[in-house]
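I opened this entry to record what I looked up in one chain. I began with the overall layout and then went to one edge of the sheet.

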Amino acid sequence: FRLNDLIDIAPPGQPAASVAGIGIGSSSTQLYALDSKGELQVAFDSFLGCKPTSKEKVAAEAGNAKSAETFEKQFSAVLQGGLGSDSPAQLLYCHWAFGY
């Protein structure tokens with residue numbers, strides 16, 4: 001995923017600002033979007049990935065796996081951090097970012 005892809009992903013006739021891109025990797029998640037002024041907005045969580053952190057793995061093995069509610073809160077925080085109330089984004093492009 002590259003920020004320039006927002007232009008290619010935008011629906012026909014829609015500006016790149018209508019798309020927000022989010023890269024979900026093994027250990028982190030990053031969101032890129034353009035605000036209503038066309039300025040880049042970035043949000044991330046260095047501990048929100050597809051694989052559990054070492055602490056989460058130990059907790060899961062002890063019967064205390066991360067709950068869906070906790071994941072939802074972390075993911076929502078990234079979305080809210082990168083998409084302000086004036087965001088023109090109408091499409092969220094999620095990209096599996098393993099291998100970077």
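I read the order of elements along the sequence as α-β-β-β-α-α-β. That gives three helices and four strands. I note that the model is predicted.

I looked up the chain totals next. The chain has 100 residues, and 28% of them count as buried. About 6500 Å² is exposed, with carbon and sulfur atoms supplying 56% of that area. For contacts between residues at least 6 apart in sequence, I noted that 54% join residues at least 24 apart.

Then I checked the sheet. Its four strands are ordered S3-S2-S1-S4, and I logged the sheet as open with mixed pairing. S3 and strand S4 (91-96) are the edge strands, each pairing on one side only. From one strand to the next, the twist averages 15°.

I followed S3 further. Its partner S2 (residues 29-34) pairs with S3 in the antiparallel sense, over six bridges. In this pairing I found Ala33 opposite Gln41 of S3. I also looked for what lies across the sheet: helix H3 (residues 68-82) lies across strand S1 (19-24), S2, S3 and S4, and runs at about 165° to S3.

Last, I looked at the surface. Leu40, Val42 and Phe44 form a nonpolar patch there, with about 300 Å² of accessible area together. I placed Phe44 in strand S3, which spans residues 40-45. Is Phe44 buried or exposed? I entered Phe44 as exposed because its relative accessible area is 58%, and the cut-off for exposed is over 50%.

How values were computed: Residues numbered from 1 in each chain as written. Predicted model: local features only at pLDDT ≥ 70, side-chain atom pairs only at ≥ 80, totals over all residues. Heavy atoms only, no water. Patch = residues over 30% accessible without salt bridge, like charges linked within 9 Å, V, L, I, M, F, W, Y side chains within 5 Å. Areas by Shrake-Rupley, 256 points an atom, 1.4 Å probe, with all protein chains shown as cover. Salt bridge = Lys/Arg side-chain N within 4 Å of Asp/Glu carboxyl O. Helix = DSSP H or I, 4+ residues; strand = E, 2+ residues; numbered from the N terminus. Buried < 20%, exposed > 50% of the residue type's maximum accessible area, 1.4 Å probe, protein only. Contact = heavy atoms within 4.5 Å. Pairing = 2+ DSSP bridges. Axes fitted to C-alpha atoms, helices over the stretch in contact; angles between N-to-C directions.
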